[in-house]
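Here are my notes on the structure, set out as numbered points. Please read them with the sequence and the model open beside you.

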Amino acid sequence: MYTPIAQDADVRCTSRGPPCVAGASMEAGPVESLSVVYQSQDFLVVNKHWDLRIDSRMWRETPTLQKQLRLRFPELADPDTYYGFRFCHQLDFSTSGALCVALNKAAAGSAYKCFKERRVTKAYLALVRGHVQESRMTINYAIGRNSTEGRAHTMCIEGTQGCENPKPSVTELVVLEHGLYAGDPVSKVLLQPLTGRTHQLRVHCSALSHPVVGDLTYGQASGREDQPFRMMLHAFYLRIPTHTECVEACTPDPFVPTLDACWSPRTLVRSLDQLVQVLRAAPDPEPAEGSPGPCRTPTPSTRPPETEAQRASCLQWLSEWTLEPDN
């Protein structure tokens, strides 16, 4: 059984909170601040703050999510792991939102299989530059590492000079609203990554000439806002259909005028509440082996059974969590 935190599964995923003056000092939350949106015996889902590292050997003196977890749940820390907690996936330093933590090795293994088999549903909210004209689109640009001098640790789309080893990458985009941010035209969009490349959403939005507001790596700040207080990308919805438990969490929408006076929506294109209902009702892909999980009626799958090499890779992954450095 799980314990819903802050909002019931049937409550709309909308943001509520006190007014926030844009331009005020808005820094990453202190170590004492940790928002938990889902909790069970095997999993936690936290609403990660923006500009917060999961953990890093180079940033021990700054707040990290791992430190927040140790402070809030010291009894759940596992001394057999380097980080103390088994993070099931990653979010960039600048990205906020839903991040799943497995509380034991068996739970971590079941979550790993869901990610490996691409059975996880993720959806992000973002404010992007300009008014996106198509209300819905599929972005299909292969993404590789950028070897250009001065662009180390960044990604780029296939065909860009210096793009190495591009891999297929697909993102679904739905426009929610058109409006203004600090006087400049922007669109509020829902992004659903169907693959999991590094910086995929940021690179795909930039490739459309609609970079994420506040993304100083793949976009440029406008003259009016100089530098927004954060990058406007938020992990909004997460569902991991493990074989024993449906880990499902929806975080509050941070991109509302009551929380950021710079954001002024003008035209509603698609209701976010309706899209949430669609996400929750969508069937999950059938697991590669075994019985369907408890989330949804599965759709047929043609994936072959797991090989011994893949199983060994899973065990190696469980033995130590090493995160790719954020940029």
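1. Is Asn-47 buried or exposed? This is a predicted model, and in it Asn-47 has a relative accessibility of 19%, so that Asn-47 counts as buried, the cut-off being under 20%. The residue belongs to strand S3, and, once residues up to four places away in sequence are set aside, Asn-47 touches Ser-35, Val-37, Gly-97, Ala-98, His-234, Thr-251 and Pro-252.

2. One of those partners, Thr-251, deserves a comment of its own. Thr-251 is placed in the loop between strand S14 (246–250) and strand S15 (263–268), and with a relative accessibility of 0% Thr-251 counts as buried. Along the chain Thr-251 and Phe-236 are 15 residues apart, while their C-alpha atoms are separated by 5.3 Å.

3. On the overall layout, the protein has 5 helices and 15 strands, and 50% of its 327 residues count as buried. If one takes the contacts between residues at least 6 apart in sequence, 68% of these join residues at least 24 apart.

4. Which residues of helix H1 are buried? In this helix, which covers residues 65–72, they are Leu-65, Gln-66, Gln-68 and Leu-69. Viewed down the axis of H1, these buried residues fall within an arc of 160 degrees, and they therefore line one face of the helix. As a reminder, an α-helix has 3.6 residues a turn, so residues three or four places apart point the same way. The cover over the buried residues of H1 includes strand S3 (43–48), strand S4 (86–87) and strand S5 (96–102).

5. Leu-69 returns in the description of the largest nonpolar core, which has 54 residues and in which Leu-69, Phe-87 and Leu-191 are those with the most contacts. The strand that gives the most to this core is S6 (residues 121–129), with 6 residues. Apart from this core lies another, of 17 residues, which has Val-37, Cys-88, Cys-100 and Leu-238 among its members.

6. For Leu-191 the neighbourhood can be given in full, again without residues up to four places away in sequence: Leu-191 touches Lys-122, Ala-123, Tyr-124, Ala-126, Thr-171, Glu-172, Leu-173, Leu-201, Cys-205 and Leu-233. Two of these partners, Leu-201 and Cys-205, are among the buried residues of helix H3.

7. How many of the residues of helix H3 are buried? The count is 6 of 8 for this helix, which runs over residues 200–207 and is mostly covered; the buried residues are Gln-200, Leu-201, Arg-202, Val-203, His-204 and Cys-205. H3 is followed by Ser-209, a residue in the loop between H3 and strand S13 (233–241). Ser-209 counts as exposed at 58% relative accessibility, and its phi is positive, at about 65 degrees, although Ser-209 is not a glycine.

8. Asn-165 also calls for a look at its backbone, since its phi is near 50 degrees, a positive value in a residue other than glycine. Most residues other than glycine have a negative phi. Asn-165 is found in strand S10 (residues 163–167), and with a relative accessibility of 58% Asn-165 counts as exposed.

9. Glu-177 and Asn-140 may be read side by side. Glu-177, in strand S11 (residues 171–181), is buried, with a relative accessible area of 18%, and beyond residues up to four places away in sequence Glu-177 touches Val-186, Ser-187, Lys-188, Trp-263, Pro-265, Thr-267, Leu-268 and Val-269. Asn-140, in the loop between strand S7 (136–139) and strand S8 (143–146), is exposed, with a relative accessible area of 56%. Leaving aside its neighbours within four places in sequence, Asn-140 is in contact with Ser-169 and Val-170; the C-alpha atoms of Asn-140 and Glu-172, which are 32 residues apart along the chain, are separated by 8.8 Å.

10. Finally, the internal spaces. The structure holds 2 cavities of 30 Å³ or more, and the largest cavity has a volume of about 40 Å³. Which residues line the largest cavity? They are Leu-76, Asp-78, Thr-81, Gly-84, Phe-85, Arg-86, Ala-102 and Leu-103, and by class this lining has 4 nonpolar, 2 polar and 2 charged residues.

Key: Residues numbered from 1 in each chain as written. Predicted model: local features only at pLDDT ≥ 70, side-chain atom pairs only at ≥ 80, totals over all residues. Heavy atoms only, no water. Buried < 20%, exposed > 50% of the residue type's maximum accessible area, 1.4 Å probe, protein only. Helix = DSSP H or I, 4+ residues; strand = E, 2+ residues; numbered from the N terminus. Arc of directions from axis to C-beta. Contact = heavy atoms within 4.5 Å. 1 Å grid on protein atoms, 1.4 Å probe; cavity = no way out; pocket = protein on both sides within 12 Å on 5 of 7 lines; lining within 4 Å. Points joined across faces, edges and corners; volume = space filled by probe spheres on them. Nonpolar A, V, L, I, M, F, W, Y, C, P; charged D, E, K, R; others polar. Core = buried A, V, L, I, M, F, W, Y, C linked by side-chain atoms within 4.5 Å.
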